[in-house]
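Ready for a few warm-up exercises on a protein you haven't met before? Have a go at each task yourself, then read the solution step by step.

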Amino acid sequence: MDLHGLAIVLQAALSPNPDERKAAEESLNQFQHMPQHLVRLLQIIVDGNCDMAVRQAASIHFKNFIAKNWSPNDPGTTHEQSKILPSDKDLVRQNILVFVTQVPPLLRYYPCCFNRVQLGECLKTIIHADYPEQWPSLLHWVKHNLQDQQVYGALFVLRILSRKYEFKSDEERTPVYMIVEETFPQLLSIFSRLVQIANPSIEVADLIKLICKIFWSSIYLEIPKQLFNPNVFNGWMVLFLNTLERPVPLEGQPADPELRKSWGWWKVKKWTVHILNRLFTRFGDLKLQNPENKVFAQMFQKGYAGKILECHLNLLNVIRIGGYLPDRVTNLILQYITNSVSKSTMYNLLHPKLDVVLFEIIFPLMCFNDNDQKLWDEDPHEYVRKGYDIIEDLYSPRTAAMDFVSELVRKRGKENLQKFILFIVEIFKRYDEASLEYKPYRQKDGALLAIGALCDRLKQTEPYKSELERMLVQHVFPEFSSPVGHLRAKAAWVAGQYAHINFSDPNNFRKALQSVVAGMRDSELPVRVDSVFALRSFVEACKDLSEIRPILPQLLDEFFKLMNEVENEDLVFTLETIVDKFGEEMAPYALGLCQNLAAAFWKCMNTAEADDEADDPGALAAVGCLRAISTILESVSRLPHLFVHVEPTLLPIMRRMLTTDGQEVFEEVLEIVSYMTFFSPTISMDMWSLWPLLMEALSDWAIDFFPSLETVAVALLDIGLMVNSKYLAKNQVTKKEKERKTRYWETVRIRKVERLVGMTCREPDILVPLDNYISRSTMHFLTCKEPDYQQSLWHMISSIMADKNLEDNDIEPAPKLIEVVFQNCRGQVDQWVEPYIRITVERLHRSERPYLKCLLMQVIADALYYNASLTLNILQKLNVATEVFNLWFQMLQQTKKNGVRTNFKREHDKKVCCLGLTSLLQLPVDQLPGEALERVFKATLDLLVAYKDQVAEAAKEEEAEDDDDMDGLQSDDEDDDVEGSDKEMGVDAEDGDEADSVRFQKLAAQAKAFRPNDEDDDETDDEFSDDEELQSPIDQVDPFVFFVDTAKVLQASDPLRFQNLSQRLDLHYQAAAHGIAEHAEHRRVEIEKEKVEKASASVAS
């Protein structure tokens, strides 16, 4: 098809006539694989004489085909690779660069140009797939065009190229060094010429912005060595400082605030500040640098950090005199100044201007302003969303101002805390003394925000600590009845911040609680939301639930009214707190709560499906609804009859969300399934109908959720952003929607990490519900053939364990599930023993991680306990018996330098091995000869002794922890005063990076505690994992009693064999055997005693 014919077909593809449109689309699909078809599409895209709608259609078709078929590395596209001929790929690579140089007029005059977005996406796909291997000439092309008149096109390509390596680790960053070496001298020259232009146009801003973005991507994780040269680095810094100092041109600035903040010159300012912040926080801090980079850090601190601070303060002064500064620029500048507080040299530079900064810039930013009032009046729902949006906080000037005050008080509190508090007190005084029409309401709002932000410091520091209750009574409580809505909301928020203090007068706590509850019925939506949020703190702090119990129905009613009005996950957190606090007292409300939460969940989901532009916080609220349902189920777990009533309400959610529709809430739904299958009196047929959905999900999209949550939760940090990027690639979205989607997934990302580190962490892994099905409804699992649960489980486990692409830690639940089958179906699944042993041995051969090796060896132990004779015959049939037992005994004997066992660390691991080895002792001499019998007997004795010692040590630690818990209880007012030196204020710790990075660094550090501790190091000896609490039939089997009884059977059935064994034991093993025999008799007595006590308790209940 020639160029003109292709344009006609594209025009027809836009026809309102469905028949014409369908025919055109079929024609496009037919010709899309023809030679040079992609090049012709490119020609149409840049043809200025062609209709814009046709060019856009060509852009979409070109981009989608490139995205789907170009890269052979993307899943599911290998069979498509042949559809783009290598010769066509060469033509596309050559021509797309030619066309990039032709597009600049479009790019310059229409910054949001549709074709630019499409072309950029295509270039990104091609560069990420082909550079440098298949496209080695690309960098040469860029370098050549940087010298030509086509600078914009070269910078455009270089930006995409550099961004490919922005987040790459050291070993993958080699191409960056070549990029920097080849292009940075030219970039520096171009940058220098651009900043010298007297009256620069907006096109100059576009070029400088691209240079800044290229520099940012190149230095994001590591400073290229070329920039360590002081002369080279100084050349760049002179230009950045020039750009920072130069006033933004007044001419051409848009009047519309949204367009103004995105205007080219303000974007240049933002990227400049962004780069300087990155250099300061990541590379200019001596305490954070590797020894080889300390010279650079010293150079930066000495030569540039102070000058940047001075420029930043000058920019902030624009705000003080009423000028304009975009919120993001203000936020970044405040981050820089905040990070300067802890560094003595920087603080000394800041100190002379500190009062002006603090009282004339920072504090006004904390106050309620015109934009807040406008949003409050015109769109209260958006006001609420922004107020509780984590990502908004990361970019907000107000949040940055609060962070500055908190850091100043924490690091330099000795000289600043009293001064700042006196300033706040003076505002309170002026407010109280002013008449109603002249009260400084907005300043009072800022003062309350400051008091709330400093609550942790004030609750620990005298004399403020002793005055907090009086401060609340005098300055906060009166605002609950303020005629100004934002003050009523702020009063509720501040009251919540201080709900945990020790009130000397209980009436004051009661009054605050009642005021917060009344606020839930306020006429203004933000007041109602802030009141519900504050209520959570009061519920947590309430020592006498009789304060809340009488109004509980009213609270729940108001709560669900608000949930119907606004979708906010923080509201659901409050409900979780109430349910958790009242526990089984929530039983009368459980069904109604679940019904309301289910309705709210469906509302959130339906809204999201009906409108792609719906608020993403609603999706977070949907997740919160499911988590609240789990909290309710947990609170009534001792009332199994309630689960029968709740099941019909929750079943539709579980059915729908265990399909691909529920990928975003899979963990939360798994938790609900776990509760329903564990606490219900029986597992209903309706609940069994979910089993096939689980198997189908695990065989396809849910494989990422198969590992235990300690592994998965870390991976979840990036899953949402990955899904989001795929969504954006497949759909044509506006810039606003793209930002919104990305912000949502970043929020999810933070929430996932928070839950991982235990802030709200309770998610189970996939093992829990599957274990419940098999262990609590064993006969149905064994007897049902339509569907065949045993076969489906085998198919899922075998495919996962055989998958060579899965890492060892990805398949850990698989051997645990085999264990569940063998232990719960003892004597009833003989036909599955050989298949499961075969795949276990096969995986054992290529396993590397010690923990997985232990789990796989425990499958062998479980099989021996299931049927020792059958298992041994199978191992011999597979010709691996000697190999397996040698490896097992070797693993049992391995110890660390400190003498602790390397393998089988948990009590459960040792017990399973004991039962498996003991089961071998029952075998006749023809299956277990004398030498093998002795080896097994000794290994079992060693393991039993270790198990006995570990159980005793755990009991001792538990008793000590109980004592510590009793001794360590104290209220806030019993904490040590943190008064005096700045060392006590925390000067010894310094912040590292920007707010979001710091948060993730802290969470990641805490998250390490959740990873399975099976690495071979001598520093850690954690013996437990999260599945220790799973119930199992072997819980009723005492390994000591089992061993002694088995030995007695051996002695009775073959006295001579037993005598020969006893005679070959040395004194050490004889003593061990005697000790185990004594302990077994002691355990018999304890077990009988426990049975009697349990029977008595059952009768009493």
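**Exercise 1. Look at how α23 passes α26, and work out the handedness of the crossing and the residues behind it.**

Step 1. Helix α23 passes α26 in a left-handed crossing. Keep in mind that what you're viewing is a predicted model.

Step 2. Now for the geometry. Two packed helices are described by the angle between their axes and the distance between the axes. For α23 (residues 441–453) and α26 (residues 485–497), the angle is about 15° and the axes are 9 Å apart. Angles under 35 degrees count as roughly parallel, so α23 is roughly parallel to α26.

Step 3. Who touches whom? On the α23 side you'll find Tyr441, Arg442, Lys444, Asp445, Leu448, Leu449, Ile451, Gly452 and Ala453. They meet His486, Leu487, Lys490, Trp493, Val494 and Gln497 of α26. Sorted by class, this contact of α23 with α26 has 8 nonpolar, 3 polar and 4 charged residues.

**Exercise 2. Do the same for α41 and α43: at what angle do they pack, and how far apart are their axes?**

Step 1. Helix α41 (residues 789–802) packs against α43 at an angle of about 15°, and the axes are 10 Å apart. That makes α41 roughly parallel to α43.

Step 2. Check the handedness: α41 passes α43 in a left-handed crossing.

Step 3. List the partners. From α41 come Gln790, Gln791, Leu793, Trp794, Ile797, Ser798, Ile800, Met801 and Ala802. From α43 come Gln831, Trp832, Pro835, Tyr836, Ile839, Thr840, Arg843 and Arg846. The tally for the contact of α41 with α43 is 10 nonpolar, 5 polar and 2 charged residues.

**Exercise 3. Stay with α43 and find Val833. Is Val833 buried or exposed?**

Step 1. Val833 sits in helix α43, which covers residues 830–846.

Step 2. Its relative accessible area is 0%. Buried means under 20%, so Val833 is buried.

Step 3. See what Val833 touches, leaving out residues up to four places away in sequence: Phe822, Tyr866, Leu870, Thr871 and Ile874.

Step 4. Pick one of those partners, Tyr866. Val833 and Tyr866 are 33 residues apart in sequence, yet 9.0 Å apart in space, C-alpha to C-alpha.

**Exercise 4. Which residues of helix α18 are buried, and what covers them?**

Step 1. Go along α18 (residues 354–366) and you'll collect Leu354, Val357, Leu358, Phe359, Ile361, Ile362, Phe363, Leu365 and Met366 as buried.

Step 2. Look at what lies over them. The cover includes α15 (294–320), α16 (327–340), α17 (344–350), α22 (397–433) and α23. You already know α23 as the helix that passes α26 in a left-handed crossing.

**Exercise 5. Track down some backbone oddities: where is the peptide bond cis, and where is phi positive in a residue other than glycine?**

Step 1. Start from the usual case. Most residues other than glycine have a negative phi, and most peptide bonds are trans.

Step 2. Take the cis bonds. One joins Glu462 and Pro463, with omega about 5°, and Pro463 is in the loop between α24 (455–458) and α25 (464–476). Another runs from Glu786 to Pro787, with omega near 5°, and Pro787 is in the loop between α40 (778–783) and α41.

Step 3. Take the positive phi values. Gln36, with phi near 65°, lies in the loop between α2 (18–31) and α3 (37–45). Phe904, with phi near 50°, lies in the loop between α46 (881–893) and α47 (907–920).

Step 4. Compare their surroundings. Gln36 is partly exposed at 39% relative accessibility, whereas Phe904 is buried at 2%.

**Exercise 6. Where in the protein is confidence lowest, and where is it highest?**

Step 1. Get the overall picture: the protein averages a pLDDT of 84, and 84% of the residues score at least 70.

Step 2. Find the extremes. Helix α49 (residues 982–985) is lowest with a mean of 35, and α26 is highest at 97.

Step 3. Mark the doubtful stretches. Over residues 104–112 the pLDDT is below 50, and the model gives this stretch 11 contacts beyond near neighbours in sequence. Over residues 708–764 the pLDDT also stays under 50, and here the model has 130 contacts beyond four places in sequence.

Technical notes. Residues are numbered from 1 along each chain as its sequence is written. This is a predicted model: local features need pLDDT of at least 70, side-chain atom pairs count only at pLDDT 80 or more; totals for chains, interfaces and linings use all residues. Side-chain values use heavy atoms; hydrogens and water are left out. Axes are lines fitted to C-alpha atoms, for helices over the stretch in contact, and angles run from 0 to 180 degrees between N-to-C directions. Helices (H or I, at least four residues) and strands (E, at least two) are DSSP runs, numbered from the N terminus. Angles under 35 degrees count as roughly parallel, over 145 as roughly antiparallel, 65 to 115 as roughly perpendicular and the rest as oblique. A crossing is left-handed if the near helix is turned anticlockwise from the far one by less than a right angle, and right-handed if clockwise. Contact means heavy atoms within 4.5 Å. Ala, Val, Leu, Ile, Met, Phe, Trp, Tyr, Cys and Pro count as nonpolar, Asp, Glu, Lys and Arg as charged, and the others, Gly among them, as polar. Buried means under 20% relative accessible area, exposed over 50%, partly exposed in between (1.4 Å probe, protein chains only). pLDDT is the predictor's confidence in each residue, from 0 to 100.
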